[in-house]
Amino acid sequence: MSLLLLAFFWLFMASMAVAAVWLVEPARAESLAAATGHDRASLTITIEKVSPPGGVLRLGGYDAASYPDDNSQPIAAADVPVTGAVMKVTLKDLPRGRYAIESFQDVNANGKMDTSWIGLPLEPYGFSRDARALLSKPGFSSTAFALAPGENSQTMHMQNSQAAATAGF
């Protein structure tokens, strides 16, 4: 009796393995297409109203899962020296999807967004779709845009430049 149960068990396990391969194979084909670059994108972001001169423009691209957390790692990021009032940054080899861009101008290049004693930003910042912050950063739905395979572009404007000038940056 136990040999018969063992045989049925192994037969059942073998059929489950075949079913798993059958279900997983389409996903594997999609991941192979992505790995060959057919589903990849680049994003050129034009950032306007960068002021005052100097410092580092820090920019990150986030998906919906990572956007709500201020301590999360971006899907793609760039830190570039500020060289003018208009900056262009290109992020390459991104998977298609919905993204939000957050940026700030680290005027004193100390690696963080400087804030007042009540938490208001003292350095210029910006969000994709020129979403405005009101007591906190805007939600993902206000900043999100679709990224399609191939070349994509977004334009955003830095906010809060006046506060940076007042703070002595």
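**Backbone oddities**

I started with A109, which counts as partly exposed at 46% relative accessibility. This is a predicted model, and I read everything below with that in mind. I looked A109 up for its backbone: phi is positive, about 50 degrees, and the residue is not a glycine. A109 sits in the loop between β5 (97-106) and β6 (125-127).

D93 went on the list too, as a non-glycine residue with a positive phi of about 60 degrees. D93 is not in a loop but in strand β4, residues 87-95. Is D93 buried or exposed? I find D93 exposed, at 51% relative accessible area. Exposed means over 50% here, so D93 makes the cut.

Next I checked for cis peptides and noted the bond between S51 and P52, with omega about 0 degrees. I placed P52 in the loop that runs between β1 (40-48) and β2 (56-62).

**Salt bridges**

I searched the whole structure and got six salt bridges. I followed up three of them.

R58 pairs with D79, and their closest N and O atoms are 2.9 Å apart. What does this pair tie together? R58 is in strand β2 and D79 in strand β3, so the bridge connects parts 21 residues apart in sequence. I noted R58 as buried, with 18% relative accessible area. D79 is partly exposed, at 49%.

E102 bridges to K137, with 2.7 Å between the closest N and O atoms. This pair links distant parts of the chain, 35 residues apart: E102 belongs to strand β5, and K137 to the loop between β6 and α2 (140-143). E102 counts as buried at 19%. Buried means under 20%, so E102 gets in on that rule. K137, at 24%, is partly exposed.

My third pair is D114 with K112, where the closest N and O atoms are 3.9 Å apart. The cut-off for a salt bridge is within 4 Å, so I kept the pair. D114 is buried, with a relative accessible area of 9%, whereas K112 is partly exposed at 49%. I also asked which residues are joined by salt bridges that share partners. R58, D79 and D106 make up one such network.

**Largest pocket**

I put the volume of the largest pocket at about 830 Å³. It is lined by 32 residues, and D70, E102, M113, F127 and K137 come closest to its centre. I recognised E102 and K137 from above as salt-bridge partners. Elements giving two or more residues to the lining are β2, β3 (76-81), β5 and β6. Which element gives the most? I have β2 down for that, with four residues. I sorted the pocket lining by residue type and got 14 nonpolar, 11 polar and seven charged.

**Nonpolar cores**

Then I went after the cores. In soluble globular proteins, nonpolar side chains tend to be buried together. The largest nonpolar core here has 20 residues, of which L43, I45, I47, L57, L91, I101 and L147 touch the most other members. I traced the elements that put two or more residues into this core: β1, β2, β3, β4, β5 and β7 (145-147).

I took I47 as an example and left out residues up to four places away in sequence. Its contacts are then L57, L59, A85, V86, M87, V89, M156 and M158. Another core, of nine residues, lies apart from the largest one, and Y62, Y67, A100 and A131 are among its members.

**Cavity**

Last look, at enclosed space. How many cavities of 30 Å³ or more are there? I count one. The largest cavity has a volume of about 40 Å³. Its lining is made of L43, G61, I75, A76, L91, L94, Y99, I101, F145 and L147. Here β4, β5 and β7 are the elements that give two or more residues. By type I get nine nonpolar residues, one polar and no charged. I had already met L43, L91, I101 and L147 as members of the largest nonpolar core.

Methods
Residues are numbered from 1 along each chain as its sequence is written. This is a predicted model: local features need pLDDT of at least 70, side-chain atom pairs count only at pLDDT 80 or more; totals for chains, interfaces and linings use all residues. Side-chain values use heavy atoms; hydrogens and water are left out. Buried means under 20% relative accessible area, exposed over 50%, partly exposed in between (1.4 Å probe, protein chains only). On a 1 Å grid over the protein atoms alone, a cavity is a set of points where a 1.4 Å probe fits but cannot get out, and a pocket is an open set with protein on both sides within 12 Å along at least five of seven lines; lining residues have an atom within 4 Å of a point. Grid points are joined across faces, edges and corners, and a volume is the space filled by probe spheres set on the points. Ala, Val, Leu, Ile, Met, Phe, Trp, Tyr, Cys and Pro count as nonpolar, Asp, Glu, Lys and Arg as charged, and the others, Gly among them, as polar. A salt bridge is a side-chain nitrogen of Lys or Arg within 4 Å of a carboxyl oxygen of Asp or Glu. A nonpolar core is a set of buried Ala, Val, Leu, Ile, Met, Phe, Trp, Tyr and Cys residues joined through side-chain atoms within 4.5 Å. Contact means heavy atoms within 4.5 Å.
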